[in-house]
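Colleague: Could you take me through one part of this model at close range? I'd like to start with a single strand pairing and then step outward.

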Amino acid sequence: MRVFSCLEGAGDYLVLEALLRTAAPELPSQSSVYPVADRFERHTRDLLGIAYTDAPDTRRWLRHQAWDEGAFPLRHDYPVAGRPPEPTPADGAYPFRKVAGSGVYEIPVGPVHAGIIEPGHFRFSAVGEEILSLEEHLGYVHKGVEKLAVGRDPVALARLAGRVSGDTTVGHAWAACMAMERAAGCEVPARANELRALLCERERVANHLGDIGAICNDVGFSFAHYQCARLRECWQRRNALLFGHRLLMDCIVPGGICRDIQQAAIAGLLSEYATLRAELTSLFDLLQDIPALQDRLLTTGWLSPEDARELGCTGYVGKASGHAFDVRANHPYPPYDRFDIAIPVLEGCDVMARMQLRMREIEASLKWMEHLLGDLSDGPVAGAWPGDVASVQGMGFVDGWRGEIMVYLRFDGNGRVARYFPCDPSWHHWPALERLIEGNIVPDFPVCNKSVNGSYSGTDL
Amino acid sequence: MLRILNKTIRLGVLTEARPGSDNAELERLGIAVKRRVTRRFSGSLAIRAVDAGSCNACELEIHALNNPYHDIERFGVHFVASPRHADVLLVTGPVSRHMQTALIRTFEAMPAPRFVIAAGTCACTGGEFGVSYASCGAVGNVLPVDVEIPGCPPAPIHLLQGILALLRA
């Protein structure tokens, strides 16, 4: 069994490989050095049976009650159908950490939450209103993405990647295609890369708009919610008009994209940007001038720069805590390598900073898309897929709207996918939520959670 | 405050007309169900949404039902936090094995008469994920489903048509 781990430093990536005996795979745990490695280790132990020596946390993570302790679904000899009990019982006996002390009580929340939101379990330990600790228990939307990837052809893998986390369909499809293209030596035309970036920035703007409104709504300021939802809806309708899908699903395919834009559409896009910018200038100005919002968002959900760095937080979570990492600037890929990208960074570390960071990122994306459209290459939007792809592997790195998306992919001897692992930035953001919530009041959890907005589906896989 | 009022008044009402009722579409959704709902719920429908394993794209489009353009509440349709208050269970995603019992319990907590809408291709057929060690596939494999709204994800207008189908006589 070959195990890879990927480390990042100053924009360079280092991949380490270890060869283990399949009969009894064992590795020393890295969680005491890299705390964020904890869930990756437990994930691979539950799915592949790798034992980690000296692991600080030996509890199961992804495994609930659908398969037994000695079964490892991601191994090749485990059938896709498995042998799940019918019905699969609830995972009621997960051993949560106990917080003891006078007046400490627990609040169990989930997996079914009150709103229209993904499922997961949160266990709060609180005294009065104050949260002493939060422990997450995720894995509820595990649907076997890594197992289902095995045996797929590139087109079908791209479709699956587009559904790892629906809100990041462009980012994940792009990263998966990049990994496949690098593995196969497939040349992607310049215009295709430029339009991929355009789609990716559109996804960023749409999600940031939605989140800014939702953050304000979580502290009772519905005006912002309706304004942002309105702008997001217009934005999504333009997506449907130009690219055939409101969320841009399945637009990115191996080798390029599936749909070109016409010259006439460019003028429409540019005027859309100008309109949105004018709207947002006054709206953002207003939002940052409301004392009630400042009262609720400033100092709330404070994530220290040290924690953000230690957990490897990227995207708005890392950047709002002073961590200026962005794949587009630090490890640039086409077309971002042609431009200087200004990456907004804030030092506020709180919910307000994460909201303001999104505002800055929307402005930056609009400016960047204008540059891109002003200098769009001619030519085809899809390259030919090489015929002889066998036993090769590749990685893809994309800065999605949440942050760094990293994909590992290997093809078998027949050009079919043998292994696929998409690493969503939420792997780093969920542990950050546990840290930043400490000391906050229970009613502020929704707004803190929204300011981070981790993907459940993207990490449960 | 004046700036907020100014913005609100200048924008005016954006809400769009209700979608046209395509007879074939209504037929497909089941006229019998609609008659029962209209009679028993007096045109007001409380929905409990449960993500049973979706990729979250369906949730984005369900959220869009509440935006100013669609404003689903004008039809008497509202989303509630507790299954005890709900007439309809709106389920997205293939049902993951890990969510199977939670989904069944949510359904059982609802007072009768109760209805289940499977929203999105995964909920209707299992979609990209199907049946596996980790997934039960379609919602219909776990609960009795009254209305199916396909789409990956279904656009708000299609969700609206599907939900309104339960209300129309």
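Which residue in strand 7 of chain A does Val127(A) stand opposite?

Modeller: Happy to! Keep in mind that this is a predicted model. The residue facing Val127(A) in strand 7 of chain A is Glu130(A). The pairing around them joins strand 6 (residues 121-127) of chain A to strand 7 of chain A in the antiparallel sense, over seven bridges. Both strands belong to an open sheet of three strands in chain A, with antiparallel pairing and the order 5-6-7. Strand 5 (104-109) and strand 7 (130-137) of chain A are at the edges, and each has a single partner strand, so one side of each lacks a neighbour in the sheet. On average, neighbouring strands of this sheet are turned by 20° against each other, direction ignored.

Stepping outward, let's turn to the contact between the chains. Here 47 residues of chain A are in contact with 41 residues of chain B. On the chain A side, the elements that give two or more residues are helix 2 (145-149), helix 3 (154-161) and helix 6 (222-243). Helix 6 of chain A provides the largest share, five residues. By type, the chain A residues on that side divide into 26 nonpolar, eleven polar and ten charged.

One more spot to look at is Leu286(A), which is found in helix 7 (residues 263-287) of chain A. Leu286(A) counts as partly exposed because 17 other C-beta atoms lie within 10 Å, between the cut-offs of 12 or fewer for exposed and 20 or more for buried. From Leu286(A) to Arg152(A) the C-alpha to C-alpha distance is 49 Å, and the two are 134 residues apart in sequence.

Terms used. Residues numbered from 1 in each chain as written. Chains lettered and ligands numbered in written order. Predicted model: local features only at pLDDT ≥ 70, side-chain atom pairs only at ≥ 80, totals over all residues. Contact = placed C-beta atoms within 7 Å. Helix = DSSP H or I, 4+ residues; strand = E, 2+ residues; numbered from the N terminus. Nonpolar A, V, L, I, M, F, W, Y, C, P; charged D, E, K, R; others polar. Pairing = 2+ DSSP bridges. Axes fitted to C-alpha atoms, helices over the stretch in contact; angles between N-to-C directions.
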